[in-house]
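Q: Could you take me through one part of this protein slowly, as you would for someone in their first year? I would like a close look at how its inside is put together.

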Amino acid sequence: MRVAVLRGVLAGAIAAAAVAGASAADLREGFTAAAALSAPLQALEAERAVLLARRERAASLLPGGASVTLGYRTNQVLRDRGLREYEGDVGVPLWLPGETRALRGAAEAQLVALEASVARERLAVAGEVRADWWAWRDAVAVRDAARTRLAQARALERDLARRVAGGLTPEADRLAATAAVREAEAALRAAELVLRQAAVTFRSLTGREPSDGAPEAVAAPPRDGADPRAVAARATVEAGRAAERLVQLRDRLNPEVALQLRYERDAFGEPWGTRLAVLFTVPLGNPPLQRERMAAAQAITTAGSAAAVVADRSVEGGVARAREARDAAASVLRSAEARHAALAGQTTLYEAAWRAGELPLIEVIRVRTALAAADAARLRARVAVGRAASGLNQAFGVEPR
């Protein structure tokens with residue numbers, strides 16, 4: 001039993017140390033941390049090295065490495081008359097006409113598309129971080145409201161305990177207050193659970209503990225077509241077209257020129273001779289293979305064109321929805337603030353009437369419960385206003401700054 005207890009204490013200490021070791025991060029810091037941990041972003045960064053190497057290859061003298069062929073021929077296996085040949089070839093591939101320019105253009109177009117894809121993926125990460133951070137802020141608001149409710153319920157319970165002891169209030173009122181305290185405690189425990197879960201979600205994405213911070217200010221709307229999602233789609237189209245131009249030029253394998261040196265004799269007693277030859281290899285085209293490659297390149301262009309149309313419509317619709325959400329959040333906040341103020345005034349009047357013996361305690365508890373709900377709604381409405389601002393920036397294609 002003692003060992004199990006020690007193990008539990010040790011596990012709790014390790015978990016607490018792990019949580020304490022994770023530094024806190026607000027929305028902007030969380031985005032930076034999440035971007036550094038993003039596997040898709042890391043994959044895109046790795047692809048950059050491939051494209052840079054491809055562009056560098058387009059500036060090289062040869063499209064590939066040279067080849068060496070060695071040979072030996074004799075007739076001594078069947079009827080040995082002294083025939084001997086030793087030969088060696090050194091072959092080098094040659095660029096097709098216009099291939100270097102097309103390869104460099106394709107690599108540069110792919111690099112542009114890669115940069116656009118990085119910006120698009122960073123925006124996707126920003127959307128996830130914004131959603132998780134604001135979910136945590138919303139959970140904090142609910143937890144804070146629950147704490148306030150519990151503190152007020154306990155204060156009322158203590159007051160009633162004194163009044164019961166002085167014979168000023170019946171025991172039933174104290175029991176009602178105690179029941180309200182237990183309900184408030186349960187609500188606080190539920191709110192703390194949601195808060196811990198929201199913190200775990202944020203930490204899983206960023207590797208950092210969530211912390212409070214200033215909400216985002218709404219950024220200026222970007223110019224038309226500047227959204228990273230639309231830019232990435234158009235860059236894909238250009239990369240597809242560059243790939244088509246490269247495929248058109250690469251309609252066959254690269255030709256090759258070879259220098260051949262041969263040292264030989266035809267029979268016993270004859271002198272050895274040396275011959276030097278220059279050989280050219282001109283591959284022929286393969287129409288079925290060419291059509292397949294062209295179809296693959298055209299598929300990239302077609303997919304990019306369709307994605308560009310969808311991206312433009314999606315961005316336009318997203319901005320409209322985000323603006324509607326911002327206006328609605330502001331309206332809800334005004335209503336929530338007014339409702340909370342009215343209930344606060346009503347609670348003050350009810351408590352005064354109860355102390356004067358004009359109202360039963362149950363009415364005070366009821367109005368306090370309504371005030372606690374209004375307080376939670378007001379705090380959550382404030383969070384919703386900040387979330388709507390972040391949502392509008394997300395619709396604008398702007399990263400947290």
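A: Let's begin with a term we will need: a nonpolar core is a set of buried Ala, Val, Leu, Ile, Met, Phe, Trp, Tyr and Cys residues joined through side-chain atoms within 4.5 Å. Please keep in mind that this is a predicted model.

The largest nonpolar core here has 28 residues, and the ones that touch the most other members are Val125, Val129, Trp133 and Trp136. Which elements give two or more residues to this core? They are α2 (27-37), α3 (39-58), α4 (99-165), α5 (171-206) and α8. Helix α4 supplies the largest share, with 13 residues. As general background, nonpolar side chains in soluble globular proteins tend to be buried together.

Now zoom in on Val129. Setting aside its neighbours within four places in sequence, Val129 is in contact with Leu27, Gly30, Phe31, Ala34, Phe202, Leu205 and Thr206. Apart from this core lies another one, made of 13 residues, including Ala58, Trp95, Leu103 and Ala113.

Next, look at Ser390, which sits in helix α8 (residues 361-396). Is Ser390 buried or exposed? Its relative accessible area is 1%, and because buried means under 20%, Ser390 counts as buried. If we again leave out neighbours within four places in sequence, Ser390 is in contact with Leu27, Arg130, Trp134 and Glu216. Notice a familiar name there: Leu27 is in contact with Ser390 and also with Val129.

Let's return to α4 and see how it meets another helix. The axes of α4 and helix α6 (residues 228-249) come within 8 Å and cross at roughly 160 degrees. Angles over 145 degrees count as roughly antiparallel, so α4 is roughly antiparallel to α6. Their crossing is left-handed. Sorted by class, the contact of α4 with α6 has 17 nonpolar, four polar and four charged residues.

From α6 we can step on to helix α7 (residues 287-355). The axes of α6 and α7 come within 8 Å and cross at roughly 165 degrees, which means that α6 is roughly antiparallel to α7. Here, too, the crossing is left-handed. The contact of α6 with α7 is made up of 12 nonpolar, eight polar and six charged residues.

So, to retrace our path: α4 gives the largest share of the largest core, α4 crosses α6, and α6 in turn crosses α7.

Note on methods: Residues numbered from 1 in each chain as written. Predicted model: local features only at pLDDT ≥ 70, side-chain atom pairs only at ≥ 80, totals over all residues. Heavy atoms only, no water. Helix = DSSP H or I, 4+ residues; strand = E, 2+ residues; numbered from the N terminus. Buried < 20%, exposed > 50% of the residue type's maximum accessible area, 1.4 Å probe, protein only. Contact = heavy atoms within 4.5 Å. Axes fitted to C-alpha atoms, helices over the stretch in contact; angles between N-to-C directions. Parallel < 35°, antiparallel > 145°, perpendicular 65-115°, else oblique. Left-handed = near helix turned anticlockwise from the far one by under 90°. Nonpolar A, V, L, I, M, F, W, Y, C, P; charged D, E, K, R; others polar.
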